[in-house]
Amino acid sequence: MSTDVSTRRAQAAEVLAVGISAAEAYGRPELAAQLTRRRARLAETGVRVVVIGEFKAGKSSLINAALGADLCPTDDDIATAVPTIVRGGETSEAFGIFVTEEGLDRVAFPFDEREAEIREEGEDLPGYAAIELSVPRAILSTGLELMDTPGVGGLRSGHTAAAIAAVNDAEAAIFVTDASQELSAAELEVIRHVAARCPNLLVVLTKCDLFPRWRRILELNEAHLEAADLAVPIFPVSSTLRDLAVAHRDDALNVESGFADLLALLRDDVAAEAEALAIDRVVHDLDSAIGALSETFELELAVLDDPEEAARIEAELEEAGERAERLKTQAARWQTTLTDGVGDLSTEVDHD
């Protein structure tokens, strides 16, 4: 890392430290935690691109095709269960990542066992928080990292929350949707949340070789994104054509697959702009934290300036507390009824 780069990163870390102190001083531990994660990422040299999308949209196939290797499992009936980070290395290695009280712990395991670990197959698996694969690939030699994630399924899904949390620590994100249908309302909502957390986002339309009407789907998706005020580019691709292009070293087929443009963007606009992207993320996170703190101050100021407003807010809080207590009581009663009903049903089944 050059002296200028080190200096800029050090300055950004100092600004983040001020933001962390402010968030802690004003009682916003979640903002302090977010800025602390950003400072930790700033100390790393990798440029992480998180790949997210719904179940079986083609995320793992996209990563495999981009790297020209079968790294992530792509069976029709088995999905990615553990977030998987693929980064460059001199040899092929695999590591499981645990979260401990001291931080992250990496444990090596045989590279050939990666699919079982990613799928979480078997009874005696250690339950990794993430898996890290190190492979010798030219496009990864610049520090680019691709992170495969479990399929999302609406904002209330646990996998969706985990994927969006991963985006918070990334320099760029790819949302994957396939050409079988236009973007759904749920997908657009996830894209909106990702765009709010990562300023560098693109959409990839997969499986264009399987659906003749993919160009119409592309037009509809572009219209949906424009209507949602999301300035996000879309790249139509075919992982199947890319695999054939790599196998036969066919440049024309590679261009037809759509991966030539996608990889050029990752290489020229993401990996090559790693320093600018890292600083952009610092600015983005600090701006979000400042906005959140400002909203808190404005609310407190409004309460101080308007006693009636303070009384109204206090009444709303009391009403919300009473409602929560009622719901807890009702839930307890329902739980008792449910338990009794299950017990009766079990007795009847045993009798039958």
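The following paragraphs lead through a predicted model, from its nonpolar cores to one strand and one buried residue. Local features require pLDDT of at least 70 and side-chain atom pairs count only at pLDDT 80 or more, while totals for chains, interfaces and linings use all residues. Residues are numbered from 1 along each chain as its sequence is written, and side-chain values use heavy atoms, with hydrogens and water left out.

The largest nonpolar core (buried Ala, Val, Leu, Ile, Met, Phe, Trp, Tyr and Cys residues joined through side-chain atoms within 4.5 Å) has 42 residues. Buried here means under 20% relative accessible area, with a 1.4 Å probe and protein chains only. Leu-62, Leu-71, Ile-174 and Val-270 have the most contacts inside this core. Among the elements that each supply at least two of its residues are β1 (47-53), β5 (130-135) and α10 (259-271); α10 gives the most, with 7 residues. Helices (H or I, at least four residues) and strands (E, at least two) are DSSP runs, numbered from the N terminus.

Strand β5 is mostly covered, as 6 of its 6 residues are buried. Strand β2 (residues 84-88) runs parallel to β5 and is joined to it by 5 bridges; strands pair if DSSP finds at least two bridges between them. In this pairing, Arg-87 stands opposite Ser-134.

Arg-87 also leads to strand β6 (residues 144-148), where Glu-145 is found. Glu-145 is buried, with a relative accessible area of 5%. The side chains of Glu-145 and Arg-87 make a polar contact at 2.8 Å (a pair of N or O atoms within 3.5 Å; within protein, one must be able to donate a hydrogen and the other to accept it, and residues adjacent in sequence count only if both atoms are side-chain atoms).

Note on methods:
Buried < 20%, exposed > 50% of the residue type's maximum accessible area, 1.4 Å probe, protein only.
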